[in-house]
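Colleague: Before I rely on this model, I would like to go through the labels attached to it and hear the reasoning behind each. Could you show it to me?

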Amino acid sequence: MAALSFELLAFIFGLLGNIISFLVFLAPLPTFYQIWKKKSSDGFQSIPYSVALFSAALLLYYAFLKTNAYMIVSINGIGCVIESIYLFLYVLYASKKSRAFTIGLILIFNAGGIVVIMLFSLLLVEGPDRVAVVGWICAVINIAVFAAPLSIMKQVIQTKSVEFMPFTLSFFLTLCATMWFFYGFFVKDYYIALPNVLGFLLGFAQMMLYCVFKNATKEGNYEIDDLKVQNKGQPAGEGKLYTPTKIYKADSINGKEMELQQIVVSKTPDNI
C-alpha cells in the first residue's frame, strides 16, 4: 500500500512538474515575439537557450538509460523542440557575427558535448554505473543552471531595482523545482531531487529579494555618452545651435545599453 502511494505521489508531482516546466519553457515567448517583430535578435544572447537545450537533451538521454522515466522523457523531449525553435529564430534574425557565434556554440557545445558524453558513457562505463555517471553529470549541469540567476540577484542588490527579475518567473521556477524535488524523492532518483533543493532555495531567495526591493526608489547612474554638438554638419562654435544628444544608462543589461529619453535641451544662440 505504501509503495502504491509513493507511485501515485510520484505520478502527481511528475505531472505537475511537466505542466509547470512547460510554462517555464514558454516564458521567453514575449522576447521572441519582439525579435520577430523587429526582425533582429541584436541585443539578446543565445547562450541561455543553448544551455537550456543542452540540459534538456542530457536529461532526455539520462531518462532513456534509466528506463521507465516517462515523466522526464516527456517534458525534456518537448523542451528540446521548444529550445531548438528559439535558437532557429535567434539565428534567423541575428547579425553575421552573432549568427556565426551561435551556430558554433550549437555545434561545439550542444552537439559535440552530448556526443562526447554519450560515447564516454557507452564505451567506458558499464551496467548500472552508466546511469550513475550520466546522472551525476545531469546533477552538476542542473546545479550550474540553477546558480545562473546569482548574477541577477547581485544586480538587484546593487541597483535596488527588480526590473530584470520578474516575480512571476521566480515564482514558477521555485514551484517547478519543488515539484521535481518531490518527484525525485518519491521515485528515489536523487540525481533529480538534489539539484532541485538548490533550485528551490535560490528561487525562494529571489522572491524575498523582490519583496524587499519592489518598492525601493530606483537609483540609476547615468552618463552622457560622447556629448556631441552638431549644427547640420557644421563644426560647433560660438552662436551655433546645439542639437539634443542622447543619454545612456551607465550599466548595460545582457550586453545591450538601454537608451533613455533624449533630455539634453537644445541651446539657442543669444543673438537670435
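Colleague: How many helices and strands are there in the chain?

Modeller: This is a predicted model, and its chain holds nine helices and three strands. Read from the N terminus, the elements run α-α-α-α-α-α-α-α-α-β-β-β.

Colleague: What does the UniProt annotation "transmembrane region" cover, and what is the chain like over residues 6-26?

Modeller: According to the UniProt record, an unreviewed entry, the annotation covers residues 6-26, 47-64, 70-93, 100-125, 131-152, 164-186 and 192-213. In the model, residues 6-26 are 95% helix and 0% strand, with end C-alpha atoms 30 Å apart. Another of the annotated spans, residues 131-152, is 91% helix and 0% strand, and its end C-alpha atoms lie 34 Å apart.

Colleague: How do you know that the length of helix 6 agrees with what a helix of 20 residues should span?

Modeller: At 1.5 Å a residue, the 20 residues of helix 6, residues 128-147, should span 28 Å, and the end C-alpha atoms are 29 Å apart, so the two values agree. Helix 9 can be treated likewise: with 24 residues it reaches 35 Å from its first C-alpha to its last, close to the 34 Å expected.

Colleague: Which residues of helix 6 are buried, and what puts them on the same side of the helix?

Modeller: The buried residues of helix 6 are Arg130, Val134, Gly135, Cys138, Ala139 and Asn142. They cover an arc of only 165° around the axis, and therefore they lie on the same side of helix 6. An α-helix has 3.6 residues a turn, so residues three or four places apart point the same way. On the face turned away from the buried side, helix 6 carries the exposed residues Asp129, Trp136 and Val140.

Colleague: What covers the buried residues of helix 6, and what covers those of helix 9?

Modeller: For helix 6, the cover includes helix 3 (47-66), helix 5 (96-124) and helix 9 (190-213). The buried residues of helix 9, among them Ile192, Pro195, Asn196, Gly199, Gln206 and Phe213, have a cover that includes helix 3, helix 4, helix 6, helix 7 (150-159) and helix 8.

Colleague: Why is cysteine 138 called buried, and how many disulfides are counted?

Modeller: Cysteine 138 has a relative accessible area of 3%, and since buried means under 20%, the label applies. Cysteine 80, at 13% relative accessibility, also counts as buried. With a disulfide taken as a pair of cysteine sulfur atoms within 2.5 Å, the count comes to zero.

Colleague: What makes the pair of aspartate 189 and lysine 66 a salt bridge?

Modeller: The closest N and O atoms of aspartate 189 and lysine 66 are 3.6 Å apart, and the rule asks for a side-chain nitrogen of Lys or Arg within 4 Å of a carboxyl oxygen of Asp or Glu, so the pair qualifies. The pair links distant parts of the chain, as aspartate 189 is in the loop between helix 8 (167-186) and helix 9 while lysine 66 is in helix 3, 123 residues apart. A search of the whole structure finds one salt bridge.

Colleague: Are the two partners, aspartate 189 and lysine 66, buried or exposed?

Modeller: Aspartate 189 is buried, because its relative accessible area of 2% falls under the 20% limit. Lysine 66, at 29% relative accessibility, counts as partly exposed, a label given between 20% and 50%.

Colleague: Where is alanine 69, and why is it called buried?

Modeller: Alanine 69 is in the loop between helix 3 and helix 4 (70-92), and its relative accessible area of 2% makes it buried. Leaving out residues up to four places away in sequence, alanine 69 touches Ala63 and Tyr183.

Colleague: What is notable about the phi of lysine 39 and that of threonine 67?

Modeller: Most residues other than glycine have a negative phi. Lysine 39, however, has a positive phi of about 55° although it is not a glycine, and phi of threonine 67 is near 65°, also a positive value. Lysine 39 is found in the loop between helix 2 (29-38) and helix 3, and its 46% relative accessibility counts as partly exposed. Threonine 67, in the loop between helix 3 and helix 4, is partly exposed with a relative accessible area of 47%.

Methods
Residues are numbered from 1 along each chain as its sequence is written. This is a predicted model: local features need pLDDT of at least 70, side-chain atom pairs count only at pLDDT 80 or more; totals for chains, interfaces and linings use all residues. Side-chain values use heavy atoms; hydrogens and water are left out. UniProt positions are given in the numbering used here, feature names are shortened, and annotations may be inferred rather than shown by experiment. Helices (H or I, at least four residues) and strands (E, at least two) are DSSP runs, numbered from the N terminus. The expected span of a helix is 1.5 Å times one less than its number of residues. Buried means under 20% relative accessible area, exposed over 50%, partly exposed in between (1.4 Å probe, protein chains only). The arc is that of the directions from the helix axis to the C-beta atoms. Contact means heavy atoms within 4.5 Å.
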